[in-house]
Amino acid sequence: MRQFLLFISIIAVGILFLSRLFYLQIYDANNYSLFEDNAIRKVYDYPKRGFVYDRNGNLLVANQPSYDVMVIPREVEPLDTLEFCSLLKIDKEQFIKKYNKAKRYSPRLPSVFVSHLSKEDYAVLQEKMRKFDGFYIQKRSLRDYETTIGANVLGDIGEVNNDDIKRDPYYKMGDLKGKQGVEVSYENTLRGIKGIKFIQKDRFNRNIGPYKDGKFDTIPEQGKDITITIDAELQAYGELLMQNKRGGIIAIEPSSGEILAMVSAPSYNPNLLVGRERSKNFTKLYYDTIAKPLFDRSLKAQYPPGSPFKVLNALIGLQENVVTTDEKFGCRMGYYLGSRKLTGCHHHRTPLSMTDGIAQSCNAYFANVYRRIIEKYENAHDGMDVWSNHVKSFGLGNYLGYDLKIGNKGRIPDGDFYDKWYGKNRWASTYNISNAIGQGEVEATPIQLANMVAAIGNRGYFYTPHIIKAIEGKTIDENYTTPKHTTIDKQHFEPIVQGMFDVFNKGTAASLRVKDIEICGKTGTAENFIKIDGEKTQLTDHSIFVAFAPKDNPKIAIAVFVENGYWGSRFAGKVASLMIEKYIKGSITRTDLEEWLLKHSLEEEYAKPYSGEPFKINGQTSLQIVEEKEYRRLKKLLNTINKPNK
């Protein structure tokens, strides 16, 4: 029996040893992670980000070398802090703050201690790094913007935060990623894939060479180049025309949905957000809460669309068969309900048919059409829903689905919207008659209006606007190559197009014609309100203009908003005509419009609410003229833009 127990004990001990050996050699080896081994140092090899080109092959964004000082807190040994701080151009307080931050993140993982060393600082520091255990220099690429324009389009890259790391474990503290524009929209394409090297350390924490001869090392995979749809020359021209003004411009190629220009004013040089000055410059831009240069007005600003919206009511009226193109409506300097004036209008001949109603921008005409649309149905709620669905089919009232990360839905009300305001069955079309002329509760962004006018130019369909034209080795999303159709039948578009053509021939934009280009457009003026000391205060109206050209098979559709720009043809119309001529002809014949825009500023208008002084709206007879020095600067920029391509 004792021999049997001894045998059993030997067997049990043997099994125990074998199990432990299996765990150590097989199971534990399978779960062993080089990333958790403190005897192995991990060094990331960052890839170069992909380049960005415009639609004509012009390089917009490249790379430049950058050097970061990294720290692994648990490996830091006592050092000459004053010497180290002097080399890094920081003080001791900053040293302690940065060290503690890195230690909180991880005592054993590397963190960025000081980023974006200059080449000169790197050369000096590299010679002395051996004196500072726990610190090393990491080379990576920063962006090198080959242009001074398109900051809102191109975006920038910045250091990841804790939320970025939690969302995507690819990133480590100190990594860079896209923050705005195409840099963030196409981050996964542009960034590439990091490589990594595993370095074996001895018991004195000294590097002794690659772990297992580099068997587990990986090489970085460079980011892919992309081509965007922007025409850099047109973008630069638009930004120049919007100097000393605020607003947004979107230009689209109707046949593809490609965004040709995306101007937000005021703007800034994208190179301001590169290197060690990035944080300081970003803070300055961010806290400019008056001009708001970081606010992309072309995508995010919501404005009442004003008179350009009238053409949609005309199309809906034809589709709903409540009006014909020949029927005329009278105008008594406005639209009346009995003796009560619901909306005003400017002086023009009367009565007017549809095409003349568009050309002369008659408010009374479109108020009549709007009422007929809503009142066709049993109740106002149902009529409003039908109207709303038609409008939304043009891409208004919702996100368009473009490939940029920011935007706003705009606002297109429906029956439920007014039920909440007034109560069910307690309102009628006259309660929201301002919708007829693009005021009231209707709001749209510049990109939505540009898309709307592109759909009209195409006679009933549009392609989702997008900024990507080509990705190295890939095809673009089919969402951008599939047409989206509106709810309006094709035959109803021709009279509307003719009316928009007459806007330039004999209507409100007759002074903006461009020789040899058939432009179809619509002027717009939108009321502008702001709260001053808690009171709703009216400011000078916004200037709005939409257009496409040529009349048949259009190559460009455009929407221009100029804040506080008085009326449609005064600022926005001039910008639109020049942008169209620039894109189609490549040169400018309407230099009179160009000179006028360069010489006139709206900065005084923008200063009115903050002056503390009483002010008038829409009553300024002579606009602010820019100083001679500023005018010469703008002319110099213009000459640069107009230089023939090499």
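Modeller: Let's start with the vocabulary: helices and strands are DSSP runs, numbered from the N terminus, with at least four residues for a helix and at least two for a strand. What you have above is a predicted model. Its protein has 21 helices and 22 strands.

Biologist: What box do the C-alpha atoms of the protein fill?

Modeller: Taken along the principal axes, the box is roughly 115 × 75 × 50 Å. Contacts add to that picture. Among contacts in the protein with a separation of 6 or more, 71% are between residues 24 or more positions apart.

Biologist: Next, burial. What percentage of the residues of the protein count as buried?

Modeller: The cut-off to keep in mind is that buried means under 20% relative accessible area. By that rule, 54% of the 646 residues count as buried.

Biologist: Let me try one. Is Thr81 buried or exposed?

Modeller: Thr81 has a relative accessible area of 18%, so it counts as buried. You'll find Thr81 in helix 2, which covers residues 81-88. Leaving aside neighbours within four places in sequence, Thr81 is in contact with Lys92 and Phe95.

Biologist: On to cysteines. How many disulfides does the structure hold?

Modeller: The general idea is that a disulfide is a covalent bond between the sulfur atoms of two cysteines. This structure holds zero of them. Take Cys362: the nearest cysteine sulfur is that of Cys331, 3.8 Å away. A disulfide needs the two sulfur atoms within 2.5 Å, so this pair doesn't make the cut. As for burial, Cys362 has a relative accessible area of 0%, so it is buried. Cys520 is buried too, with a value of 0%.

Biologist: Now helix packing. At what angle do helix 16 and helix 17 pack?

Modeller: When you read a helix pair, look at the angle, the gap between axes, and the residues that meet. Helix 16 (residues 446-457) and helix 17 (residues 493-505) pack at about 115°, and their axes are 10 Å apart.

Biologist: Which residues in helix 16 meet which in helix 17?

Modeller: From helix 16 come Val453, Ala455 and Ile456, and they meet Phe493, Val497 and Met500 of helix 17. By class, the residues of this contact are six nonpolar, with no polar and no charged ones.

Biologist: What about empty spaces? How many cavities of 30 Å³ or more does a search of the whole structure find?

Modeller: A cavity is a space where a probe fits but cannot get out, while a pocket is open. The search finds three cavities of that size. The largest holds about 160 Å³ of space. It is lined by 13 residues, and those nearest its centre are Tyr46, Pro47, Arg49, Leu176 and Arg191. Its lining has six nonpolar, one polar and six charged residues.

Biologist: What volume does the second largest cavity have?

Modeller: That one is about 60 Å³. Its lining includes His116, Leu142, Arg143, Ile157 and Leu176. Strand 5 (135-145) and strand 6 (157-159) each supply at least two residues of this lining. The classes here are five nonpolar, three polar and two charged.

Biologist: And the open kind? What volume does the largest pocket have?

Modeller: About 1400 Å³. It is lined by 49 residues, with Pro304, Glu527, Asn528, Phe529 and His542 closest to its centre. The lining has 16 nonpolar, 20 polar and 13 charged residues.

Biologist: Which helices and strands each supply at least two residues of that lining?

Modeller: Helix 15 (415-422), strand 18 (520-532), strand 19 (535-549) and helix 20 (603-607) do. Strand 18 gives the largest share, eight residues.

Biologist: Let me zoom in on one of those helices. What does Asp419 touch, not counting residues up to four places away in sequence?

Modeller: Asp419 lies in helix 15. It touches His381, Lys424, Asn425 and Trp427. With a relative accessible area of 16%, Asp419 is buried. You can also compare sequence and space: Asp419 and Met262 are 157 residues apart in sequence and 37 Å apart in space, C-alpha to C-alpha.

Biologist: And Glu604: where is it found?

Modeller: Glu604 is in helix 20. Its relative accessible area is 45%, so Glu604 is partly exposed. From Glu604 to Asp356 there are 248 residues in sequence and 36 Å in space, C-alpha to C-alpha.

Definitions and conventions
Residues numbered from 1 in each chain as written. Predicted model: local features only at pLDDT ≥ 70, side-chain atom pairs only at ≥ 80, totals over all residues. Heavy atoms only, no water. Buried < 20%, exposed > 50% of the residue type's maximum accessible area, 1.4 Å probe, protein only. Axes fitted to C-alpha atoms, helices over the stretch in contact; angles between N-to-C directions. Contact = heavy atoms within 4.5 Å. Nonpolar A, V, L, I, M, F, W, Y, C, P; charged D, E, K, R; others polar. 1 Å grid on protein atoms, 1.4 Å probe; cavity = no way out; pocket = protein on both sides within 12 Å on 5 of 7 lines; lining within 4 Å. Points joined across faces, edges and corners; volume = space filled by probe spheres on them.
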